[in-house]
Amino acid sequence: MAPLRSSRCCVLQLAPARFIRYPLAMPDSARLRGTVLVLTAACLWASLGLFYRVLAEDFGLSRGVIVAYRAGIASLALLLTLAIVRPQMLIVRRRDWLYFLVFGSVGVAAFFLVYIQAITTGPLAVAAVLLYTAPVWITIWAALRQGERLTRRKVIALSLALLGCALVANLFDRANLNVNGIALVWGVLSGIAYAAYSVWSAEGTRRGYPVWTVVVYSLGIGAIVLFAAQPLHESLKPVRAPASWPWLLGVSLGPSLLAQTCFTFGLTYIRTSTA
């Protein structure tokens with residue numbers, strides 16, 4: 001079957017009864033909206049270090065427990081809201097179960113764990129900067145898998161991004177590498193995990209699911225995996241420390257639910273590599 005074209009998009013048939021829409025021309029207002037949404041998500045994610053440090057140092061919660069509650073509370077809040085307001089958004093096609101399982105298990109659970117390791121084992125600023133090596137991995141992936149052109153401008157921009165990360169992380173100081181070497185490894189891994197998270201987020205909307213559906217299932221499956229990996233006595237610590245709940249609610253509803261929603265909405269307007 002030949003592709004069907006219009007002035008705004010083309011529809012490609014990849015399999016029987018399955019279509020994906022790709023924008024060919026996006027208005028400036030839509031690109032601006034997508035950029036603002038992604039920047040909002042980035043600002044919210046930038047506050048993660050504050051929540052993580054307080055929950056780990058003041059309340060003695062383990063890294064795994066913090067991220068498990070972070071994903072669990074966010075997904076539960078959204079699940080209850082959708083069940084009341086838009087229950088049809090909770091419907092998932094059987095052929096997409098594997099996608100959501102992989103996204104939740106790797107794109108969310110692994111990303112959350114790796115990033116909290118980077119934040120709590122080394123300087124917060126360095127971890128935050130190394131997270132944003134993600135554009136390098138995304139651009140390489142887009143060039144290899146989606147056929148995006150690796151232009152001279154992109155190469156220069158990515159090179160500057162890597163140089164900036166190296167300077168902030170002080171990679172040229174051998175003494176710093178000896179002290180913070182493990183933290184730097186976690187930081188780079190968080191960038192790779194963030195890239196995978198970004199790619200899978202965009203894939204959900206390309207499959208035709210509303211943003212809320214992608215967010216609720218990715219966070220929910222990620223939370224199940226994270227809780228399953230924690231000892232029960234560690235998972236129950238927040239129950240015995242009620243003063244930790246404002247911080248747990250804050251990190252769940254702000255840098256988790258709202259940030260992921262803004263980011264996923266942003267990906268409906270701009271390319272993953274741009275985001």
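The following exchange takes up how some statements about this predicted model are reached.

Reader: How do you know that confidence varies along the chain, and where is it lowest and highest?
Author: The scale of pLDDT runs from 0 to 100, and on it strand 2 (residues 9-15) has the lowest confidence, at a mean of 34, whereas helix 3 (residues 63-85) has the highest, at 93. For the chain as a whole the mean pLDDT is 80, with 85% of the residues at 70 or more.

Reader: What makes residues 1-24 a stretch to be read with care?
Author: Over residues 1-24 the pLDDT stays under 50, although the model has 36 contacts beyond four places in sequence for them. Where pLDDT is low, the predicted coordinates should not be read in detail.

Reader: Why are some residues of the chain called buried, and what percentage of the 275 count as such?
Author: A residue is called buried because its relative accessible area is under 20%, and by that cut-off 44% of the 275 residues of the chain are buried.

Reader: What makes up the lining of the second largest pocket, by class?
Author: Its lining has 11 nonpolar, five polar and no charged residues. Tyr counts as nonpolar and Thr falls among the polar residues, so Tyr132 and Tyr194 belong to the nonpolar class and Thr274 to the polar one, and these three are among the residues nearest the centre of the pocket.

Reader: Which helix gives the most to that lining?
Author: Helix 1 gives the most to the lining of the second largest pocket, with four residues, and the space in this pocket is about 260 Å³.

Notes
Residues are numbered from 1 along each chain as its sequence is written. This is a predicted model: local features need pLDDT of at least 70, side-chain atom pairs count only at pLDDT 80 or more; totals for chains, interfaces and linings use all residues. Side-chain values use heavy atoms; hydrogens and water are left out. pLDDT is the predictor's confidence in each residue, from 0 to 100. Helices (H or I, at least four residues) and strands (E, at least two) are DSSP runs, numbered from the N terminus. Contact means heavy atoms within 4.5 Å. Buried means under 20% relative accessible area, exposed over 50%, partly exposed in between (1.4 Å probe, protein chains only). On a 1 Å grid over the protein atoms alone, a cavity is a set of points where a 1.4 Å probe fits but cannot get out, and a pocket is an open set with protein on both sides within 12 Å along at least five of seven lines; lining residues have an atom within 4 Å of a point. Grid points are joined across faces, edges and corners, and a volume is the space filled by probe spheres set on the points.
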